[in-house]
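Me: I have a list of labels for a protein model and would like to know what stands behind them. Please set each label against its cut-off.

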Amino acid sequence: MPEQVLGRRLGGLTLATVGSALLLLVLALVSYATVASVLAGLRRDRRLMRSAGNAVMAAFVCTVSAVVLLEIALVRHDFSIAVVLQHTSRTLPTPYLLTSLWASQPGSLLLWLTVLTGASSLVTLQNRHKNRELMPWVTAVLGGCMVFFASMATIISSPFERTAGVVPRDGFGLDPSLQNPYMAAHPPALYLGYVSFAVPFAFAMAALITRRTDARWLASVRRWTLFAWASLGVGMLLGAHWAYVEIGWGGYWGWDPVENAALMPWLAGTAYLHSVMVQEKRGMLKVWNVVLVTATFALSIFGTFLTRSGVVDSIHSFVQSPVGPALLVFLSIVLAFATTLLVWRLPLLRSDHKLESVVSREATFLFNNLLLLAFAFVILWGVVFPLLSEAVRGVRSTVSVPYYNFFLVAFGLPLLALTGIGPLIAWRRATPGSLWRTFRWPVISAAAGGALLALLGLGSSWPGLTAFSLCIFVTVTIGLEFARGASARRAIAGGSWPRALVDLVSRNRRRYGGYVVHLAVVLLVVGIAASGAYGSVNQAVLKPGQSMQVGGYTLTYTGMRSTTGPNYVDTAARLVVSRGGSTQGTLYPAVRDFTDHTVKTQSNEVDIRHDLRGVDVYTILQGADPSKNEVVIKALVNPMVSLIWLAGLVFVLGAAITIWPDPREARQLARRYSTALAKEA
Amino acid sequence: MSTAIEAAVVAVIVATVVVAVAWPFLSPERGAPEPALSPRERSRLELMERRDAAYAGLRDLEQDHRTGKVGDEDYQSERRRLRAEAAGALRGLDTLDSEPGTSSPEE
């Protein structure tokens, strides 16, 4: 029996049938959960609510089962399933067979649905005995989202769609740029971020429906919001690293529309994480917080639309499909629903206090919010303008990198300054005396550091120099916060400095975890500013024995070498790297020819040398002409890019400290104050 | 694997799911419909929220005072305000607790 026929009979037909049936079941379950939870909310029927919760969890189990079936189909080369045929081949290494699940439009929607049903199940479990008034409506809102994505995965873009006609013996192969280890983590991290923002949105809507607009819903979703925000941040950094090592243009962020699609909700989420503290502390910005939660979720949907509709030209985007219009309709429903509820409940969202002074922490957070939102809007305009231009004038305009870079400087530098000012300024109002006490050392350090850097020759870029000075300012404020806090802790409890620091952080994880995240921002800014403002680039045509110079390094071309992988052949140029006469190493930038694609498919495989001084020597083989025995080499010297990846690790650490649950915190606070206050009560 | 086995697998999955979803109605634990939160329970939740916010505010205020961000005068006045806020909330909770038939819905 021919192998392919055997595959279809033993695997293809079964997997596709069971997979499709599972997805139909998911659609039925989430539809039931939505209706049942609405009825449970209206009738206050606890059994109906439990049944809806069970349906959500069953939907998650079925979705995971569908994912497992699709993975089996991918690993078994079951080309009778269309996505397996279109995105894999027999020689594709197994890890990429597994990650190719989200290389396709239907597969990525299945991943969305999996994360969404998983998040909804977790919310259901977390709130079994909490938030009983809110939970039916939370489940209903999440259920509405799940119904939409389950409909997409069953009706519009099924991952189990069969291959039309005769099933070929081999697949078409995976896109070369997706054959990178970072693709294993980058899309799932982004999806975790996008999807998890549905949870705070659902709680906000439930709070409006049930009139429980106090700060309790904020507390219920604090960790979810942080998790979503951190996942999106990590996803973007992984994507930046993937672009740096895989795409082969020398950079890590190209203001690609789909990169922007992830940045926009992250900026709105950052604004929300700050403004929510103002509501908790001062009972202000209640309307603003609902608007921000809605904007963040809506921008997540918009980002999904940008990636999946095919309306933008991007390395990340999928082909044009009916998924795009469906997502736009869903986005419109989300916005209309949230706006109606917000207007309806506006009288319940009055502020408890007014802004007493512009020199206060709440005012700082407000400025921070305005800058973050303005930057998100500028990016949105940059993404949407070409689409509007094409729709209205029939001509597609482009918004280029200088546009984004201008606003990055214009909004980014004040934001960086606020990162340092916010933690040091008091709530309500700050007096001149306290301002002098808290800011003198950070300001003096920043001024002295800036002057020193200018003397060292970094004055060639004023945004770069300003960014470095502000980074010193922020670093000193963070250092002082830890030092003063630990000192105060030692004065109270004694003990060593390390013990005092651990105590300090564990007693207020949110505050000090936030400071660690601020430190990650500093590292990120230094990495971006240094690599953007002080890098070098050169391109040359070289014959064997010839050299080129770039940023103080000499690259000598000594010949070609060829290597063969499971589904490719690499043709690499051998470049000896030296600096000041001493050899530093050898780089092999290559062009990779894929042998498993029906049409000629190549990719650039860059080679990078990481210097101990934090400098990257980045080489790209732009072309090779064997007849003339010459190669075209593009080389870049990128200082301090490694700080960007280090920032990612520090970011994860800070986010983990902040998110880590501490059930003792509320009890410790109650113990500390209840006895003393009982007398006053 | 034949079509009959495929159908059987799908049927088993569907049956399991239906039982899971229907279980709250089948299980012996059949509670009455949950009553809405009474005004008193709502008051209690609001008081607990005010109390917790005041506690957290006091902790942060003390930290800000110790680290020099808040001057003595502002510290004293804000401390008085927050303590009064917490004391008021505790007083309210005591009053509610002393009334018969009060439960703590979401401590």
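What follows is a set of questions on those labels, with replies.

Me: What kind of model is this, and what are its ipTM and pTM scores?
Reply: This is a predicted model. The scores are ipTM 0.73 and pTM 0.88.

Me: What is the mean pLDDT of chain B, and which of its elements have the lowest and highest mean pLDDT?
Reply: Chain B has a mean pLDDT of 78, with 81% of its residues at 70 or more. Among its elements, helix 2 (residues 39–66) has the lowest mean, 82, and helix 3 (residues 72–98) has the highest, 86.

Me: How many helices and strands does chain B have?
Reply: The count is 3 helices and 0 strands, and from the N terminus the order reads α-α-α. Of the 107 residues in chain B, 40% are buried. The chain exposes about 5,800 Å², and carbon and sulfur atoms supply 60% of that area.

Me: Why is the pair B:Glu85 and B:Arg50 called a salt bridge?
Reply: The closest N and O atoms of B:Glu85 and B:Arg50 are 3.1 Å apart. The cut-off is 4 Å between a side-chain nitrogen of Lys or Arg and a carboxyl oxygen of Asp or Glu, so the pair qualifies. B:Glu85 lies in helix 3 of chain B and B:Arg50 in helix 2, so the salt bridge ties together parts that are 35 residues apart in sequence.

Me: Are B:Glu85 and B:Arg50 buried or exposed, or in between?
Reply: Relative accessibility is 28% for B:Glu85 and 37% for B:Arg50. Buried means under 20% and exposed over 50%, so both residues count as partly exposed.

Me: What makes B:Asp64 and B:Lys69 a salt bridge, and why are they called buried?
Reply: Their closest N and O atoms are 3.3 Å apart, which is within 4 Å and therefore meets the criterion. Relative accessibility is 2% for B:Asp64 and 2% for B:Lys69. Both values are under 20%, so both residues are buried. The two residues also belong to a network of salt bridges whose members include A:Lys281, A:Arg361, B:Arg59 and B:Asp60.

Me: How do you know that A:Glu280 and A:Arg222 form a salt bridge?
Reply: The closest N and O atoms of A:Glu280 and A:Arg222 are 3.3 Å apart, so the pair falls within the 4 Å limit. A:Glu280 is in helix 10 (residues 257–282) of chain A and A:Arg222 in helix 9 (residues 216–247), so the link joins parts that are 58 residues apart in sequence. The search of the whole structure finds 26 salt bridges over all chains.

Me: What makes the contact between A:Asn508 and B:Asp60 a polar one?
Reply: The side chains of A:Asn508 and B:Asp60 make this contact at 3.3 Å, and the limit for a pair of N or O atoms is 3.5 Å, so the distance fits. A:Asn508 lies in the loop between helix 17 (497–507) and helix 18 (509–533) of chain A. With a relative accessible area of 9%, A:Asn508 is under 20% and so is buried.

Me: Why is A:Phe367 called partly exposed?
Reply: A:Phe367 has a relative accessible area of 39%, which lies between 20% and 50%, so the label is partly exposed. A:Phe367 sits in helix 13 (residues 361–393) of chain A. Together with A:Leu355, A:Val358 and A:Leu370, A:Phe367 makes a nonpolar surface patch of about 370 Å².

Definitions and conventions:
Residues numbered from 1 in each chain as written. Chains lettered and ligands numbered in written order. Predicted model: local features only at pLDDT ≥ 70, side-chain atom pairs only at ≥ 80, totals over all residues. Heavy atoms only, no water. Patch = residues over 30% accessible without salt bridge, like charges linked within 9 Å, V, L, I, M, F, W, Y side chains within 5 Å. Areas by Shrake-Rupley, 256 points an atom, 1.4 Å probe, with all protein chains shown as cover. Helix = DSSP H or I, 4+ residues; strand = E, 2+ residues; numbered from the N terminus. Buried < 20%, exposed > 50% of the residue type's maximum accessible area, 1.4 Å probe, protein only. pLDDT = per-residue confidence, 0-100. Polar contact = N/O pair within 3.5 Å; in protein donor to acceptor, adjacent residues only side chain to side chain.
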